[in-house]
Amino acid sequence: SVLLTVIGSYYAFAATPTSTFTISPGIYPGAPTYTIWTEGGYYFIKDSHGKIIYSGSDAPTVINYAISHVPVKRSVIYIKSGIYVLNSPIKITSYREDLRIVGGRDTWFNITNNDCGILISGGSKISIEGLNLRGIEGYSAYGIRVIEGTSLTFKDIVGYQLNNWMFLFNASYKNVNYIFMENIYCIESYGCIKQMQDVDEHQYNSMSILATNVIVTHCDHGIYLEMNDATFNGIVGEADVGDFIQVNASACHFYNVNIEASQGSTIHVLAGKHNLFAQVNVWNTKYAVNIESGAKDVVIDGLTAEEISGNIAKVSTTYPVYFSGFVCNTSGITPLDLVSDNKVSLTDSYFVSQDSQNLYNNKPYRMHNVRFNKAGTVYYSENCGTASFSGTTTSVSHHLIGTPKIVVVTPRDLGYGEFEVTTTSTSITITVNNSGNYDFYWYASVTG
């Protein structure tokens with residue numbers, strides 16, 4: 001490593017720093033293109049050879065100078081640990097390409113404007129890493145606002161006490177594509193990620209997001225998506241005021257979700273099609289899943305839920321919805337609130353209730369391998385058995401969740417003459433013409 005001391009040479013600096021530090025293990029190209037640090041209320045820029053090229057008392061002016069003066073391609077700006085007061089946004093514009101802005105171990109941007117901390121209005125292959133964005137009381141700023149850009153990476157970013165969304169992707173008529181996010185921490189803020197389109201064409205536009213490890217702690221809202229093709233893997237968090245995940249788009253996929261949303265819905269699908277949610281854990285929320293009338297082909301694969309005050313699933317759409325792998329404690333509520341002409345398919349699920357509430361208000365269109373433990377008695381979506389009797393009639397309890405839609409009865413013995421089958425919500429009755437000893441096999445299903 002080369003130890004470099006700050007000295008002035010060809011620029012009239014606002015102040016003379018005293019810091020001595022190692023810029024990088026090596027010199028250019030190993031060193032950052034520019035290194036920025038703060039000292040004594042001033043901000044300074046060194047180039048990769050250790051020469052101060054700019055300084056000033058206004059952090060955005062200094063940082064924007066660095067951004068506008070690095071080479072257009074393949075540049076690194078390293079911002080050392082310290083507090084940087086942003087009374088106006090840091091701006092990355094359309095001609096930037098292959099630019100990395102990297103924070104130190106404890107680099108804080110205190111945002112004291114009503115716009116945002118970082119504004120990206122163009123460019124490609126932009127990477128923002130290792131920064132802490134802090135909202136200041138009295139200001140309502142976004143953390144990072146993107147209105148145009150391609151191949152943008154956000155890694156190891158913290159948003160703290162922001163009075164607006166931590167990330168706003170506002171495509172409007174611009175091109176915002178291929179967003180990569182990793183290790184995003186949003187703490188005590190308004191919301192984490194809002195992805196929106198100003199024109200009413202979100203069903204036909206695409207903005208791909210690939211995000212891993214998103215943690216949201218005590219925020220009002222979580223994630224709102226209005227454009228297509230987003231994939232999130234690993235979400236943990238709490239929404240204290242509204243919904244946690246809102247989707248008004250298509251082909252959005254969420255995996256490994258652990259959420260609390262005390263006043264709203266964990267998952268709220270407003271519109272769109274082919275949205276998937278897998279391995280979802282929910283607690284202390286009003287609705288685990290809320291699917292509106294404009295949504296189509298929603299898939300929830302693997303849901304555990306407890307401490308739900310409203311419904312496990314509220315479904316208002318008549319388009320197909322696929323639920324599987326639900327394991328839910330539903331005491332005190334009706335788990336499934338479904339529109340009467342729903343197309344909900346529910347499979348491989350188990351519900352437990354300590355009271356006499358029913359599993360649904362309107363029966364799902366199709367159920368398979370569903371069990372409902374109601375006040376200690378287990379009921380099934382389909383069941384089968386053998387009815388053995390002497391005489392002309394017998395009744396057997398089918399233990400189904402509701403009145404069966406399909407009943408198949410097959411006699412093992414002959415001599416009964418003809419037989420008749422009637423069903424109720426609790427039993428199947430078989431009546432034969434000729435008295436005798438008979439065995440009948442039966443199968444019954446609530447939905448078929």
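**Exercise 1. Find which residue pairs with K314 in a salt bridge, and work out what that pair ties together.**

Start with the side chains in this predicted model. K314 and D337 meet in a salt bridge, with 3.2 Å from N to O. That passes the test, because the cut-off for such a pair is 4 Å. Next, place both partners: K314 lies in strand β24 and D337 in strand β26 (residues 336-338), so the bridge ties together parts that are 23 residues apart in sequence. Finally, classify K314: its relative accessible area is 24%, so it is partly exposed.

**Exercise 2. Decide whether D115 and R145 are each buried or partly exposed, and locate their salt bridge.**

The closest N and O atoms of D115 and R145 are 3.1 Å apart. D115 sits in the loop between β10 (107-111) and β11 (116-129), while R145 belongs to strand β13 (residues 142-160), so this bridge joins parts 30 residues apart in sequence. Now for the exposure, where the cut-off for buried is under 20%. D115 has 25% relative accessibility and therefore counts as partly exposed. R145 has 19%, so it counts as buried.

**Exercise 3. Trace the network of salt bridges that includes R412.**

Begin with R412 and D439, whose side chains form a salt bridge at 2.8 Å, N to O. R412 is in the loop between β31 (406-411) and β32 (419-423), and D439 is in strand β33 (residues 427-445), so far along the chain that 27 residues separate them. D439 is buried, at 13% relative accessibility. Then add D413: R412, D413 and D439 are linked in one network. For the tally, the structure holds 5 salt bridges.

**Exercise 4. Identify the residues that touch the most other members of the largest nonpolar core, then list the contacts of F232.**

The largest nonpolar core has 115 residues, and F154 and F232 touch the most other members. Strand β24 (residues 298-315) gives this core its largest share, 8 residues. Leaving out residues up to four places away in sequence, F232 touches I193, I209, A211, V214, I223, L225, H253, F254 and Y255.

**Exercise 5. Name the members of the nonpolar surface patch that includes L210, and say how exposed L210 is.**

The patch is formed by Y178, F180 and L210, which together have about 290 Å² of accessible area. L210 is found in strand β17 (residues 206-219). With a relative accessible area of 42%, L210 is partly exposed. This value also explains why L210 can belong to a patch, because membership needs over 30%.

Methods:
Residues numbered from 1 in each chain as written. Predicted model: local features only at pLDDT ≥ 70, side-chain atom pairs only at ≥ 80, totals over all residues. Heavy atoms only, no water. Core = buried A, V, L, I, M, F, W, Y, C linked by side-chain atoms within 4.5 Å. Buried < 20%, exposed > 50% of the residue type's maximum accessible area, 1.4 Å probe, protein only. Helix = DSSP H or I, 4+ residues; strand = E, 2+ residues; numbered from the N terminus. Contact = heavy atoms within 4.5 Å. Patch = residues over 30% accessible without salt bridge, like charges linked within 9 Å, V, L, I, M, F, W, Y side chains within 5 Å. Areas by Shrake-Rupley, 256 points an atom, 1.4 Å probe, with all protein chains shown as cover.
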